[in-house]
Amino acid sequence: MTLRPHSVRTLLCTATGAAATAALLLAGTTAEAQTAAGSTTVTPAGHSYKATLSGKATFKAGTVTLTCSVSTTTGQVPAAPANHNAAGPVASTLAAPTFSSCTSSMAGVTPTVTTSGTWGISVQNGSPVSATLTVPQGGMVVKTSGLATCTIVSAPNGPASIAGTWTNGAPSSLSVVNAVVPVSVTGTFGCPTSATTSTVNLAYTVADTTDPSQQITVGP
């Protein structure tokens, strides 16, 4: 069958129109996905809280694992109306967490952890409730002494996010499972100098210090 010129033009216009329609539909779907975050409210508004490590925190860079058994940080729920976001997470700042009673998987090595800067936390209501810790640039530095002298800097090139999960309860808790944070490592033989990331596992219980009878809760 031979197509006449006007038939070819008709087919081309139809195909072009279909492609444009598909592109518009795809753009609409993408936009909907980007704006799908629901509302989030953190209560009690304006209350201060303390997060205390539950169990142990581990940080693994290359073949070396740092384990700490003591860690705390403090923060405050934003005052109303900033404790509510109609279409997204609620964010606030945290004091730089402290880490102590730390050991290294490297024999003959003693680690020391120093944290600095303003850390952050944002929570997004959902199932589960997502929580993201923000480490400022260079906000955590691990130095070792002994048989190997290493320096491990977290977030060396800019702020980094640590993805976790928030669970409402009495007390509420924040957990991080196998989150990855960029690091830079320098040091002597035995240090994991080829490592560019650290895998983080930790869990905190969160207590309301303004009114201990209440719980810090994330809802819609």
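**Exercise 1. Find the residues at the heart of the largest nonpolar core, and the strand that feeds it most.**

Solution. Start with the members: in this predicted model, the largest nonpolar core holds 48 residues. Next, look for the ones that touch the most other members, and you land on F59, F99, V113, W166 and L202. Then sort the core by element: strand β14, spanning residues 172-187, gives the most, with six residues.

**Exercise 2. Take V113 and work out which residues it touches, leaving out those up to four places away in sequence.**

Solution. Keep in mind that a contact here needs heavy atoms within 4.5 Å. With the sequence neighbours set aside, V113 touches L66, C68, F99 and C102. Carry on along the chain and you can add M140, V141 and V142. Notice that F99 turns up again: it is on the list for V113, and it is also among the core residues that touch the most other members.

**Exercise 3. Count the cavities of 30 Å³ or more, then describe the largest cavity.**

Solution. The count first: there are two. The largest cavity has about 370 Å³ of space. Now walk around its wall, which is made of 33 residues. Nearest the centre sit F59, F99, M140, S154 and V200. By class, the lining splits into 27 nonpolar, five polar and one charged residues. For the elements, check strand β15 (residues 197-208), which gives the most to this lining, with five residues. To link back, F59 and F99 were also picked out in the core, and M140 is one of the residues that V113 touches.

**Exercise 4. Do the same for the second largest cavity: what is its volume, and what lines it?**

Solution. This one has about 120 Å³ of space. Its lining has 14 residues, and V42, Y49, S92, I121 and V123 are the closest to the centre. Two strands to look at are β6 (90-94) and β9 (119-124), each of which supplies at least two lining residues. Sort the lining by class and you get 11 nonpolar, three polar and no charged residues.

**Exercise 5. Zoom out: how many helices and strands are there, and how much of the chain is buried?**

Solution. Run through the elements and you find one helix and 16 strands. For burial, use the cut-off of under 20% relative accessible area; buried residues then make up 36% of the 220 in the chain. On the outside, the chain exposes about 11,600 Å², with carbon and sulfur atoms supplying 60% of that area. Finally, take the contacts with a separation of 6 or more: 67% of them join residues 24 or more positions apart.

Technical notes
Residues numbered from 1 in each chain as written. Predicted model: local features only at pLDDT ≥ 70, side-chain atom pairs only at ≥ 80, totals over all residues. Heavy atoms only, no water. Core = buried A, V, L, I, M, F, W, Y, C linked by side-chain atoms within 4.5 Å. Buried < 20%, exposed > 50% of the residue type's maximum accessible area, 1.4 Å probe, protein only. Helix = DSSP H or I, 4+ residues; strand = E, 2+ residues; numbered from the N terminus. 1 Å grid on protein atoms, 1.4 Å probe; cavity = no way out; pocket = protein on both sides within 12 Å on 5 of 7 lines; lining within 4 Å. Points joined across faces, edges and corners; volume = space filled by probe spheres on them. Nonpolar A, V, L, I, M, F, W, Y, C, P; charged D, E, K, R; others polar. Areas by Shrake-Rupley, 256 points an atom, 1.4 Å probe, with all protein chains shown as cover.
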